Amino acid sequence: MKTTSPTRNLNRLITGSFGRIARGYDSPLLQHVVYRPPQDQVLAELRAAGCRRIADIGCGTGILTTRIQRELEPEQVFGVDASPGMLAQARTRSPRVTWLQAPAERLPFGDESLDAVVTTSAFHFFDQPAALDEFARVLVPDGLVAVSTVNPAGHLASPVRQLTRTTFSPYHAPSPAEMRNLLRQAGFDVSNQRRIDRPLPRWLVPDVITVGRKH
């Protein structure tokens with residue numbers, strides 16, 4: 001039987017709050033120390049795989065999505081986010097990206113229509129089994145999935161994970177082992193999982209990237 005993580009009951013609140021903070025989210029310092037390192041890892045995976053139809057889920061203000069379009073020049077790039085405020089800012093960034101408003105659990109794509117689905121610094125807000133099922137649905141066979149997740153470490157790891165498992169939490173931080181299991185249950189072979197290096201002590205932003213291929 002497939003395990004489930006609780007649906008994020010406060011997702012509407014989270015979506016609205018991200019709309020209000022969209023401008024601050026683009027701060028160069030915040031982007032450099034927090035968001036750019038996992039984006040660099042995702043770009044490396046996409047470049048190595050030669051993916052041509054790519055969707056960035058939970059794209060926020062579109063920095064990674066725009067980098068994908070500019071640096072890799074694939075045939076199609078989609079930036080998908082549930083927050084209209086984030087997307088309003090993303091749309092000013094690049095007219096060559098197709099920007100779409102939708103939740104990760106209900107993607108606006110046909111079956112087997114994409115070569116790669118990626119998400120960075122957003123997966124903890126998703127209903128994770130539902131989102132991964134959608135990723136598998138829209139990917140072609142052998143399609144690439146790359147997900148960066150926060151991975152609490154040290155003596156606080158277990159209490160933090162237990163707290164985020166509650167139905168009332170808008171956030172869930174899966175352990176690396178849990179992340180591998182979630183991908184396998186959704187129909188992916190896990191090909192790589194590694195820590196993300198960044199210019200901060202690991203305990204401040206302890207995250208990992210997990211990469212898989214659809215069966």
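# A tour of the predicted model

Start with glutamate 112, which sits in the loop between S3 and S4. The model is a predicted one. Color the backbone by phi if your viewer allows, and glutamate 112 stands out with a positive value near 50 degrees, although the residue is not glycine. Most residues other than glycine have a negative phi. With a relative accessible area of 43%, glutamate 112 is partly exposed.

Now select glutamate 73, in the loop between helix H4 (63-72) and S2. Glutamate 73 also has a positive phi near 50 degrees without being a glycine. Is glutamate 73 buried or exposed? Its relative accessible area is 52%, so glutamate 73 counts as exposed.

**The whole chain**

Zoom out and show the cartoon. The protein chain contains eight helices and seven strands. Of its 215 residues, 53% are buried. Taking contacts between residues at least 6 apart in sequence, 68% join residues at least 24 apart.

**The sheet**

Hide the helices and keep the strands. What is the strand order of the open sheet? Its seven strands run S3-S2-S1-S4-S5-S7-S6, and the pairing is mixed. At the edges lie strand S3 (98-101) and S6, each of which pairs on one side only. On average, neighbouring strands of this sheet are turned by 15 degrees against each other, with direction ignored.

Strands of a sheet pair through backbone hydrogen bonds, either parallel or antiparallel. To see the parallel case, select strand S4 (residues 114-119) and S5, which are joined by five bridges. Within this part of the sheet, threonine 119 is opposite valine 147 in S5.

For the antiparallel case, move to S5 and S7, which are linked by seven bridges. Label valine 145 here, and glycine 212 in S7 will be found opposite it. S7 also pairs with S6, again antiparallel, over seven bridges. One bridge pair to pick out is arginine 194 with isoleucine 209 in S7.

Color these strands by accessibility. In S5, nine of the twelve residues are buried, and the strand is mostly covered. Seven of the eight residues of S7 are buried, so S7 is largely enclosed by the rest of the structure.

**Helices on the sheet**

Bring back helix H5 (residues 84-91). H5 lies across strand S2 (76-81) and S3, and runs at about 170 degrees to S3. Next show H6, which packs on the sheet and touches strand S1 (53-57), S4, S5, S6 and S7. The direction of H6 makes about 150 degrees with that of S5.

Then select helix H8 (residues 176-185), whose buried residues are Glu178, Met179, Leu182 and Leu183. Look down the axis of H8: the buried residues fall within an arc of 135 degrees, so they line one face of the helix. An α-helix has 3.6 residues a turn, so residues three or four places apart point the same way. What do the buried residues of H8 pack against? Their partners are helix H6 (128-138), strand S5 (139-150), strand S6 (188-195) and strand S7 (207-214). Step past the end of H8 to glycine 187, where phi is positive at about 100 degrees.

**A buried glutamate**

Go to glutamate 45 in helix H3 (residues 28-49). Its relative accessibility of 17% falls under the 20% cut-off, so glutamate 45 counts as buried. Show everything in contact with glutamate 45; beyond neighbours within four places in sequence, this gives Leu144, Arg194, Ile209 and Val211. With arginine 194, the side chain of glutamate 45 makes a side-chain to side-chain polar contact of 2.9 Å. Arginine 194 is the residue already met as the bridge partner of isoleucine 209, and both are in contact with glutamate 45. Draw a distance between the C-alpha atoms of glutamate 45 and alanine 146 as well: the two are 101 residues apart along the chain but separated by 7.7 Å.

**Cysteines**

Finish with the cysteines. A disulfide is a covalent bond between the sulfur atoms of two cysteines. How many disulfides are there when sulfur atoms must lie within 2.5 Å? The count is zero. Select cysteine 51, which is buried with a relative accessible area of 7%. Cysteine 59 is buried too, at 6%.

Note on methods: Residues are numbered from 1 along each chain as its sequence is written. This is a predicted model: local features need pLDDT of at least 70, side-chain atom pairs count only at pLDDT 80 or more; totals for chains, interfaces and linings use all residues. Side-chain values use heavy atoms; hydrogens and water are left out. A disulfide is a pair of cysteine sulfur atoms within 2.5 Å. Buried means under 20% relative accessible area, exposed over 50%, partly exposed in between (1.4 Å probe, protein chains only). Helices (H or I, at least four residues) and strands (E, at least two) are DSSP runs, numbered from the N terminus. The arc is that of the directions from the helix axis to the C-beta atoms. Contact means heavy atoms within 4.5 Å. A polar contact is a pair of N or O atoms within 3.5 Å; within protein, one must be able to donate a hydrogen and the other to accept it, and residues adjacent in sequence count only if both atoms are side-chain atoms. Two strands pair if DSSP finds at least two bridges between them. Axes are lines fitted to C-alpha atoms, for helices over the stretch in contact, and angles run from 0 to 180 degrees between N-to-C directions.
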